[in-house]
Amino acid sequence: MATAGRDRPPTSEGDCVVTTCGRRIAVRCLRLAAAERPISRVALDVGRDQGGEPGVWAALTADEARDLARLLLLQAGLAEHGTEPVGPAPEGFPSP
């Protein structure tokens, strides 16, 4: 039986989310200790898929991470309510 929305079991494991297609997405704080100017980023690591295809990663500033979070929440709301997105799908994304 398929479950959706808040009825499905949690997919998060601490600092990771495992998608239904088996990709593990890890979110961590990355700190580079340069003596004159330390750098902090939010690291987003999308691991290999079930077929072993390599994943990708990104290092985001705090503001970039907040912008991404806002966009993810917006799209999650649209997906939950079956609302059509505004405009075409971004390049590299399948059309619905």
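# A tour of the chain

The chain has one helix and five strands; both are DSSP runs numbered from the N terminus, a helix being H or I over at least four residues and a strand E over at least two. Read from the N terminus, the elements run β-β-β-β-β-α. The model is predicted, so to speak of a local feature requires pLDDT of at least 70 and a side-chain atom pair counts only at pLDDT 80 or more, while totals for chains, interfaces and linings use all residues. Residues are numbered from 1 along each chain as its sequence is written, and side-chain values use heavy atoms, with hydrogens and water left out.

**Colour by confidence.** pLDDT is the predictor's confidence in each residue, from 0 to 100. The chain averages 80, and 72% of the residues score at least 70. Helix 1 has the highest mean, 95, and strand 1 (residues 12–13) the lowest, 60.

**Select residues 1–9.** Here pLDDT stays under 50. The model has two contacts beyond four places in sequence for this stretch, a contact meaning heavy atoms within 4.5 Å. Where pLDDT is low, the predicted coordinates should not be read in detail.

**Select residues 24–46.** Strand 3 (residues 24–32) and strand 4 (residues 39–46) pair in the antiparallel sense over eight bridges; two strands pair if DSSP finds at least two bridges between them. A hairpin of six residues joins strand 3 to strand 4. To see one bridge, pick Ala-26, whose partner in strand 4 is Asp-45.

**Add residues 56–60.** This is strand 5, which pairs with strand 4 in the antiparallel sense over five bridges. Val-56 in strand 5 stands opposite Val-46.

**Stop at Ala-58.** Ala-58 lies in strand 5. Is Ala-58 buried or partly exposed? Its relative accessibility is 28%, so Ala-58 counts as partly exposed; buried means under 20% relative accessible area, exposed over 50%, and partly exposed in between (1.4 Å probe, protein chains only). Leaving out residues up to four places away in sequence, Ala-58 touches Val-42, Ala-43 and Leu-44. From Ala-58 to Val-46 the C-alpha distance is 8.7 Å, with their positions twelve residues apart in sequence.

**Move to residues 62–80.** This is helix 1, with 19 residues. Its expected span, 1.5 Å times one less than its number of residues, is 27 Å, and its end C-alpha atoms are 27 Å apart, which agrees. Just after helix 1, Gly-82 takes a positive phi of about 65°.

**Zoom out.** Buried residues make up 8% of the 96 residues in the chain.
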